[in-house]
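Trainee: Could you take one helix from this model and walk me through it closely? I'd like to see what it looks like and what sits around it.

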Amino acid sequence: MTGSDLPSLATPIPGPRSRGAVEILARHECPAITARRSRRADQIGADNDDPIVWDEALGANVRDVDGNIHVDLSSGFGVALLGHRHPEVVAAAQRQASRLIHAMGDAFPDARRIALLEALAGIAPAGLDVAILGLSGSDAVDAAVKTAVLATGRTGVIVVQRGYHGLALGVLGLQTTSPAFTEPFRALVHPEVRALPSGCSLADLKAALPGVGLVLLEPVQGRGGMHSLPDDWIEEVAFAARSQGALVAFDEIQSGMGRTGSMWAGPIAPDLLCVGKALAGGFPLSACLGTGEAMAAWGLSTGEALHTQTFLGHPVGCAAALAVIHVTARDGVPERCRALGSTWRARLENAGFPARGRGLMLGVELGRGALAVSRALGRRGWIALPAGPTSLGLTPSVCVDEPLIDAFVDSLRTVCA
Ligand SMILES: Cc1ncc(COP(=O)(O)O)c(C=O)c1O
């Protein structure tokens, strides 16, 4: 496996080892987590839509437990922007693990965490030089909501329809991609969330602002279908929100770290910026970056931190993130995303598939059920997830080069013929 291999399949997908392993999974994992469409282990090929079980990944490739090689066009939910198992990320994590795996959250920092906080201040939009680290995207958004409450004294939040900000209970009420996520927990979710349509009028925005401490925008909405919010609308919303004393946060958990062709997708510096996914190249790490003024609202720690967690600033994740930041700047990752994004769009559009999004964050309109197309592609060794009912979301790594793009577009054409 080179990291840029074409799909190479030795068994039907899923293969027998994957099917056997998923049988065990189904016995021991909460059934809501991994989708299983077949209920009999002897079903194969088109009759079996169980997932493949991953064994190894490198660059754009994933090898499953049956030895089949796949191409991951999601880059593991957008995490492996530099490619799976980037050698410098692996080396940094190995070095750190052999020295110090765990420090003590708010009680005792370690050198990697301090270096990362300084590095984050260096890549953040102007003025966002203070951070709260977390482990997941949900953690980062949770920290943004809490910061806004402390900084403004107001608990209301404005979000944009089709936005996704994670499923942890503190942030669940902010997502509007699917009511099914929220409905069973309705009594427990944030009670003061107003979801406005993208591009809504300033009058509608102003009417929603009283009591609002945070306006949370995803400059390119990922899970909601790879829709870019218009830059001038974002700027108008930010201006109106700030003039009413609310903070503006950008959720760049999926769009950040260069994926859209620039380091950050938002057109201006917000008050708070959430980053995760690609930040540590595969290690669970996230951050809510903020202005010193917004973060000062937390006050000083008196020894009992108002916000922390056991694994805050995990040293191995911090070391991996430092490597990612270094490689991103040295290799011109944002510029590569922009160039590859143009190639993707041109190839897709030439083949009759309208594409939207920015850089390597693409939505492909199929005009038919995306789940069935995603599964048919999966049986040919292409990992590509739906982003909405009729579109495919592509968040490939920078390792997916032209021969792979061409081969994928051919497969997509065949599957949709
Ligand atoms: C824009 C955005 N925000 C937040 C999240 C939640 O991140 P996590 O799943 O790491 O909690 C995601 C995950 O897909 C996301 O795309």
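Mentor: Let's go with helix α12, which covers residues 333-350. Those are 18 residues, and from the first C-alpha to the last the helix reaches 25 Å, close to the 26 Å expected at 1.5 Å a residue. Keep in mind as you look that this is a predicted model.

Now, which residues of α12 are buried? They are Val333, Pro334, Cys337, Leu340, Gly341, Trp344 and Leu348. Try looking down the axis of α12: these buried residues fall within an arc of 125°, so they line one face of the helix. Over on the other side of α12 you'll find Ser342 and Asn350, and both are exposed.

So what does that buried face meet? The buried residues of α12 pack against two helices, α11 (315-330) and α14 (402-416), and also against the strands β13 (355-358), β14 (361-365) and β17 (391-394). Once you get past the end of α12, look for Gly352, which follows the helix and has a positive phi, near 90°.

It helps to put another helix beside this one. Take α4, residues 111-123: its 13 residues should span 18 Å at 1.5 Å a residue, and its end C-alpha atoms are 19 Å apart, which agrees. In α4 the buried residues are Arg112, Arg113, Leu116, Leu117 and Leu120. They cover an arc of only 135° around the axis, which puts them on the same side of α4. Turned away from that buried side are the exposed residues Ile114, Glu118 and Gly122. Helix α11, which you met as a neighbour of α12, turns up again here: the cover over the buried residues of α4 includes α11, along with α3 (87-97), β4 (130-134) and β12 (286-290).

Finally, zoom out to the whole chain. It has 14 helices and 17 strands. Its radius of gyration is 21 Å, close to the 22 Å that the globule rule gives for 417 residues, so the chain is as compact as a globular protein of that length. Buried residues make up 48% of those 417. And if you take the contacts between residues at least 6 apart in sequence, 72% of them join residues at least 24 apart. The contacts of α12 with β17 and α14 are part of the picture to look for on your screen.

Technical notes
Residues are numbered from 1 along each chain as its sequence is written. This is a predicted model: local features need pLDDT of at least 70, side-chain atom pairs count only at pLDDT 80 or more; totals for chains, interfaces and linings use all residues. Helices (H or I, at least four residues) and strands (E, at least two) are DSSP runs, numbered from the N terminus. The radius of gyration is taken over C-alpha atoms; the globule rule is 2.2 Å times the number of residues to the power 0.38. A residue is buried if 20 or more other C-beta atoms lie within 10 Å of its own, exposed if 12 or fewer, and partly exposed in between; C-beta atoms are placed from the backbone. Two residues are in contact if their C-beta atoms, placed from the backbone, lie within 7 Å. The expected span of a helix is 1.5 Å times one less than its number of residues. The arc is that of the directions from the helix axis to the C-beta atoms.
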